[in-house]
Amino acid sequence: MGRNAIIFHGTGGSPDNCWYPWLAGRLAARGYAVEVPHHPGINVEPITMFLPKVLGSQTFDEDTVLVGHSGGPALLLALLQHLEVTHAQAILVGGCSTPPNHGDGPVPQ
């Protein structure tokens, strides 16, 4: 497989926000297959409901670079706990700083 990257937007974001299109273009120019999926439920839906949707909709392998911004880093940390393959790299950018919950809320413990 070739190199690939998945860029996860933050809470309330979309693939067209911020610097996501710029980064996707830069990575594509360097030979990466880039995905910037739209996940409107990120950090809104309980992680126990949301995480399986993400795991089922993306392909993760040892050549995958994961990028998460704002609310995306919390999702990346949850993903990394549940994936059975080591990834090329995970980049956490400006992660949210809310206290972890103690229930079934959107931010993982």
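Which residue lies over the face of Tyr32? I looked this up before anything else, keeping in mind that I have a predicted model here. It turns out to be Arg3, at 4.3 Å from the ring centre.

**Entry: the sheet**

Next I traced the strands. I find an open sheet of four, in the order β2-β1-β3-β4, and the pairing is parallel. At the edges sit β2 (33–35) and β4 (89–93), each with a pairing partner on one side only. I also checked the twist: ignoring direction, neighbouring strands are turned against each other by 15 degrees on average.

Then I zoomed in on one pairing. Strand β3, residues 64–69, runs parallel to β4, and I get five bridges between the two. I wanted one residue-level example, so I picked Val67: its bridge partner in β4 is Ile91.

**Entry: helix α1 on the sheet**

I turned to α1, which spans residues 20–29 and lies across β1 (4–8), β2 and β3. Its direction makes an angle of about 175 degrees with β1.

Which residues of α1 are buried? I noted Tyr20, Leu23, Ala24 and Leu27. They all fall on the same side of α1, because the arc they cover around the axis is only 100 degrees. The spacing fits the textbook picture: an α-helix has 3.6 residues a turn, so residues three or four places apart point the same way.

I then asked what covers these buried residues of α1, and the cover includes β1, β2 and β3. Over on the other side of α1, I have Trp22 and Ala29 down as exposed.

I followed the chain past the end of the helix too. Gly31 comes after α1, and its phi is positive, near 95 degrees.

**Entry: the aromatic pair**

How many aromatic pairs does the structure hold? I count one. The partners are Trp19 and Tyr20, with ring centres 4.9 Å apart. Stacked or edge-to-face? Their planes are at 70 degrees, and the edge-to-face class starts over 60, so I file the pair as edge-to-face.

I looked up accessibility for both partners. Tyr20 has a relative accessible area of 2%, so I call it buried. Trp19 comes out at 27%, so it goes down as partly exposed.

**Entry: tying up**

Tyr20 shows up twice in my notes. It is one of the buried residues of α1, and its ring pairs with that of Trp19.

How values were computed. Residues numbered from 1 in each chain as written. Predicted model: local features only at pLDDT ≥ 70, side-chain atom pairs only at ≥ 80, totals over all residues. Heavy atoms only, no water. Pairing = 2+ DSSP bridges. Axes fitted to C-alpha atoms, helices over the stretch in contact; angles between N-to-C directions. Contact = heavy atoms within 4.5 Å. Phe/Tyr/Trp six-rings, centres within 6.5 Å; stacked < 30°, edge-to-face > 60°. Buried < 20%, exposed > 50% of the residue type's maximum accessible area, 1.4 Å probe, protein only. Lys NZ or Arg CZ within 6 Å of the ring centre and 35° of its normal. Arc of directions from axis to C-beta.
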